Amino acid sequence: MFRDNLKAAMSIGLVLLCGFTSLAQMQKAEIKATGLTCSMCSNAINKQLKAMSGVNTVTTDLNTNSFFVAFENNNTITPKMLKDAVEKAGFFIGSLELTLSAADLKKKESSYVLLDEFVPNNTVDTKVKVYDKGYVTQKEFKKMQKEFSKIATYALDNEEDYHIKRVL
């Protein structure tokens with residue numbers, strides 16, 4: 001009886017494990033927020049980011065409205081979770097740059113769609129910018145829609161696909 005239960009539990013675990021889409025693990029993020037007018041605005045965003053499980057540190061640059069987030073190892077944070085945190089504070093993302101593990105970024109099952117032709121080096125983390133709606137300004141998104149119109153997944157506006165380009 002115990003063996004049957006154990007086999008059933010392991011089978012269910014394997015099915016669930018295979019069913020999840022894998023993301024490249026984020027090491028760091030730089031968020032430039034829009035709509036901030038004072039230090040209380042930045043405190044609201046800072047508080048939301050620090051409350052996220054998997055966030056190690058958050059530092060703020062009030063001159064550029066930028067938030068630098070460092071993540072714990074093996075975190076499960078997604079760009080959408082960062083976007084939701086900023087929006088929960090009442091603001092929007094004007095730019096999102098991520099530092100991703102290059103080895104994870106090369107995985108076939110990743111939700112990141114490369115918009116340029118670079119090949120990540122397996123030993124170096126890669127800094128990328130997210131170009132989807134909600135991760136850049138409206139003006140920039142309209143420009144990107146024209147530029148990336150031939151990329152089928154970009155036109156779909158799927159919130160689980162993140163279209164990225166390497167930051168030079």
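**Exercise 1.** Which word fits N74: buried or exposed?

*Solution.* Start with the cut-offs: buried means under 20% relative accessible area, exposed means over 50%, and partly exposed is in between (1.4 Å probe, protein chains only). N74 has 67% relative accessibility, so it counts as exposed.

A word on the model before going on. It is a predicted one, where local features need pLDDT of at least 70 and side-chain atom pairs count only at pLDDT 80 or more, while totals for chains, interfaces and linings use all residues. Numbering runs from 1 along each chain as its sequence is written, and side-chain values use heavy atoms, with hydrogens and water left out.

**Exercise 2.** Find where N74 and N65 sit, and say what their phi angles look like.

*Solution.* Step one, the places. N74 lies in the loop between β3 and α3 (79-88), and N65 in the loop between β2 (55-61) and β3 (66-71). Helices here are DSSP runs of H or I with at least four residues, strands are runs of E with at least two, and both are numbered from the N terminus.

Step two, the angles. Phi is near 60° in N74 and about 55° in N65. Both values are positive, though neither residue is a glycine. For background, most residues other than glycine have a negative phi.

Step three, the exposure of N65. Its relative accessibility is 23%, so N65 counts as partly exposed.

**Exercise 3.** Work out how the span of α2 (residues 39-50) compares with what is expected.

*Solution.* The expected span is 1.5 Å times one less than the number of residues. Helix α2 has twelve residues, and the expected figure is 16 Å. From first C-alpha to last, α2 reaches 16 Å, close to that expectation.

**Exercise 4.** Which residues of α2 are buried, and what covers them?

*Solution.* First, list them: C41, S42, I45, N46 and L49 are buried. They cover an arc of only 135° around the axis, which puts them on the same side of α2; the arc is taken from the directions from the helix axis to the C-beta atoms. As a rule, an α-helix has 3.6 residues a turn, so residues three or four places apart point the same way.

Next, turn the helix over: M40, K47 and K50 are exposed on the other side of α2.

Finally, the cover: it includes β1 (26-34), β2, β3 and α3, going by contacts, meaning heavy atoms within 4.5 Å.
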